[in-house]
Amino acid sequence: MNQINGIIEWLDHRTGIQTAARRFLYEDIPDSSGWHQVLGSVAMFSFLVQVFTGILLAFNYAPTPGDAYNSLRYILTELTGGRLIRGLHHWGASMMIVVVVLHMVQVFVYGAYKKPREATWMVGIVLLLLTLAYGLTGYLLPWDNRAYFGTVVSTQIAATAPVLGPYLTQLLGSQNGIGVVTFARFFGLHVLLLPPLTMLLIGVHVYLVRKHGVAPAPGDETLPKKKFYPQQVFKDTIAIFIAFIILFTMAVAIRVPLEQLADPTDTAYIPRPEWYFLFLFQFLKFFNGPLEVVGSMVLPGLAVLLLLLVPFIDRTQMVKVTRRGFAFGFVALAAIGWGSLTAAAVITTPAEAREVAVDYSAPTDWMQLSPEEMAGVAYFRRENCLSCHAVNGSGSQIGPDLTRTTIHRNAAWMIQHFKSPQGIRPGSSMPAIQLSDAQLNSLAAFLLKLNPDNATALQNAPEFAVQGALVYQANGCSDCHKVNGVGMEIGPALNGVSKRRSRSWVEEHFANPEKLSPGTSMPPFKFAKTDQENLTTYLFSLPDK
Amino acid sequence: MDHVQTTDHQPPAGETRRSFYVAAIYGIWGLITAALAAPALIYLLVPPRLRRQSEWVDAGDLSQVPAGTPVEVTFRRNRVDGWKVSSEKGTAWVLKSASNQVVAYGPECTHLGCAYHWDNGKNEFVCPCHNSIFAIDGRVIGGPAPRPLDRFATRIEGNKLLLGPLQASPEKSA
């Protein structure tokens with residue numbers, strides 16, 4: 001113990017580090033300080049989590065349009081813990097925005113921006129803008145459809161800026177559309193420019209807080225001061241811990257999807273910004289034609305200016321927080337405005353954009369199966385084959401492992417065996433499967449495709465695809481259409497239908513083909529609602545080929 | 001000094017509260033650090049899943065290889081490289097005996113990875129970097145190399161030579 005003290009003392013003599021830490025921790029704070037002032041620390045913590053997880057992601061990420069998607073997919077599917085790290089970074093971004101805004105609201109409501117703390121407030125507003133800039137630039141980096149179209153819209157908005165528009169376009173490298181140049185610019189901003197700038201401004205912000213001291217409540221000035229450590233540090237720590245638990249739970253529980261690789265020709269895609277930009281998106285809808293720039297630039301610009309100037313607009317004396325009715329009213333109004341714009345944006349988003357998109361970060365081998373084999377997956381699940389058979393070593397040991405039995409692997413044998421297990425294998429404890437011949441064919445077709453490499457991927461086939469394939473088979477769609485190379489060619493092949501048609505078109509076409517394609521030989525189909533949804537989603541998830 | 005402390009003793013209530021705060025601060029920060037560090041270490045240190053087992057590559061027609069002298073054979077193979085699978089050129093020094101037994105040496109010197117070559121005049125493998133010398137059976141006979149030449153697993157199908165993963169030589173180092 002004495003030796004450690006000796007080392008610390010030696011270090012302190014040379015660097016002053018211990019004295020500095022002491023001075024920092026034993027700072028005097030007003031008697032009224034407490035739980036309402038923990039948010040600044042939580043914001044700083046959120047930033048550090050973003051830095052940490054961001055660096056980890058960068059270790060396995062290739063920042064070019066060609067590779068970004070594949071490397072992120074690698075992080076999510078092949079690296080242990082990759083999904084958690086990405087989840088922390090994704091939800092951490094949302095959390096940081098929430099915390100920074102709450103921090104600002106607290107300072108605003110308490111009037112802590114007043115003289116002499118105007119500069120602290122203004123630096124804080126710039127930090128808020130930086131936080132939003134991370135969201136805007138980071139959005140492009142996965143290079144999936146959502147990222148691509150979100151960025152198309154934001155760069156086009158930047159292009160409409162009065163006077164500056166063409167220069168902004170040039171700076172963002174988006175004069176010829178979104179491509180390698182824009183990508184490099186966004187990545188550079190996100191990881192090289194914004195972080196050091198943020199650290200610098202956080203430094204200035206904290207320095208200013210220390211210089212002027214934590215804002216006291218009125219009447220507090222004469223009371224004896226408290227120390228920052230340990231009581232207030234304890235409160236900050238508890239708040240940080242709560243925020244961390246929420247973040248960690250979200251990162252574990254809520255899967256962040258990786259959508260389809262960015263496809264500029266995808267006309268069916270409905271782009272929507274991240275939730276924290278939805279209000280701006282909705283706000284923009286009120287302004288049309290030449291007025292658009294008012295909604296996209298002028299008014300948001302004025303709002304930022306107004307925020308920056310808050311300390312100069314309200315120059316009254318500091319009063320108790322309970323007497324700041326106007327400030328509370330203003331915050332309430334802003335919250336209602338933000339909330340209703342966001343709600344309106346969510347409500348007006350067409351159902352197909354809100355539907356769960358196919359998650360491409362899970363193995364997608366199932367997409368290569370023919371509809372018949374896919375329907376086989378449904379029977380495989382329905383008949384609970386796994387209650388007796390193992391697949392690729394995992395599962396029950398009563399029957400043989402279905403990925404390893406190669407002896408009797410032909411469809412005719414299997415179908416006979418399904419119908420009468422004991423007839424083929426005397427003494428087998430397998431029950432007969434009560435399915436039609438077509439259904440048994442389907443099941444056998446799937447089992448023939450099963451091998452140790454694709455077993456997990458095929459078992460992961462999403463339910464909508466399996467159910468959709470059942471509907472496809474039951475209605476004999478393959479008598480006229482081809483999917484994944486299987487089926488007739490009387491009608492068009494259905495791979496890539498998502499590129500050619502919208503969902504609503506396809507669904508209307510089922511009910512009334514003659515109306516949408518005059519002269520077609522396709523008969524009308526009347527599906528139950530869920531069947532129709534599953535079938536359409538399945539067809540839309542097919543590879544383009 | 002001791003007696004000063006005892007007379008100055010704080011009221012016990014305040015002191016326990018203070019030490020509770022301090023303990024909670026250290027405890028919670030320890031927990032957060034662990035919850036972030038553990039996944040980070042796993043993420044960085046656990047090898048990627050779904051890594052394809054190195055497959056057998058076709059290294060050409062064995063009947064074209066003369067018996068008794070090592071020949072450098074080139075082939076193409078797929079390498080899983082992070083999120084990419086790239087096709088790259090590989091080489092091996094193949095030695096066929098009269099009885100059609102085959103040994104395929106990895107092309108890197110076991111010292112520091114330089115590309116060595118067969119010296120026909122001296123009947124030995126020579127590494128140009130630090131003068132490691134290997135005998136025709138891969139044994140080290142000179143220089144700093146720590147172990148015999150590594151060997152590819154080999155399989156012969158008809159006249160085709162197939163190469164598998166690279167393994168350390170079964171022979172003890174010289």
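The following questions and answers concern a predicted model with chains A and B.

Q: Which elements make up the secondary structure of chain B, and how many strands are there?
A: From the N terminus on, chain B runs α-α-β-β-β-β-β-β-β-β-β-β. The secondary structure therefore starts with α elements and continues with β elements. The totals for chain B are two helices and ten strands.

Q: What distance separates the centres of domain 1 and domain 2 of chain B?
A: The domain assignment of chain B places domain 1 at residues 2-45 and domain 2 at residues 57-167. Taken over C-alpha atoms, the centres of these two domains of chain B are separated by 60 Å.

Q: Which strands stand at the edges of the six-stranded open sheet of chain B?
A: The strand order in this sheet of chain B is β1-β10-β9-β4-β3-β2, with antiparallel pairing. A strand at either edge has a single partner, so one side of it is left without a neighbour in the sheet. In chain B these edge strands are β1 (57-61) and β2 (71-81).

Q: By how many degrees are neighbouring strands of this six-stranded sheet turned against each other on average?
A: The sheet in question is the open one of chain B, in the order β1-β10-β9-β4-β3-β2. With direction ignored, the average turn between its neighbouring strands is 35 degrees.

Q: Which residue of the hairpin of β2(B) and β3(B) takes a positive phi?
A: Strands β2(B) and β3 (residues 84-96) of chain B run antiparallel and are joined by eleven bridges. Val80(B) has Val85(B) as its bridge partner in β3(B). Two residues lie between the strands of this hairpin, and the positive phi, near 60 degrees, belongs to Gly82(B).

Q: Which residue in β9(B) stands opposite Ala104(B)?
A: Strand β4 (residues 102-105) of chain B and strand β9 (residues 151-157) of chain B run antiparallel. Two bridges join β4 to β9 in chain B. Opposite Ala104(B), in β9(B), stands Phe152(B).

Q: What is the bridge partner of Ile133(B) in β8(B)?
A: An open sheet of four strands in chain B has the order β5-β6-β7-β8, with antiparallel pairing. Its edge strands, β5 (117-119) and β8 (140-142) of chain B, each pair on one side only. Strand β7 (residues 133-134) of chain B pairs with β8(B) over two bridges in the antiparallel sense. The partner of Ile133(B) in β8(B) is Gly142(B).

Q: How are α5(A) and α14(A) oriented to each other?
A: The axes of helix α5 (residues 82-110) and helix α14 (residues 325-348) of chain A come within 8 Å and cross at roughly 150 degrees. Angles over 145 degrees count as roughly antiparallel. The two helices α5(A) and α14(A) are therefore roughly antiparallel.

Q: Which class of residue makes the contact of α5(A) with α14(A)?
A: From α5(A), the contact is made by Val105(A), Phe108(A) and Val109(A). From α14(A), it is made by Ala327(A), Phe328(A) and Val331(A). With no polar and no charged residues in the contact, the class of the six residues is nonpolar.

Q: How many residues are nonpolar on the side of chain B that touches chain A?
A: The contact takes 22 residues from chain A and 20 residues from chain B. On the side of chain B, one residue is polar and two are charged, while the number that are nonpolar is 17.

Key. Residues numbered from 1 in each chain as written. Chains lettered and ligands numbered in written order. Predicted model: local features only at pLDDT ≥ 70, side-chain atom pairs only at ≥ 80, totals over all residues. Pairing = 2+ DSSP bridges. Axes fitted to C-alpha atoms, helices over the stretch in contact; angles between N-to-C directions. Domains from an automatic or database assignment. Contact = placed C-beta atoms within 7 Å. Nonpolar A, V, L, I, M, F, W, Y, C, P; charged D, E, K, R; others polar. Parallel < 35°, antiparallel > 145°, perpendicular 65-115°, else oblique.
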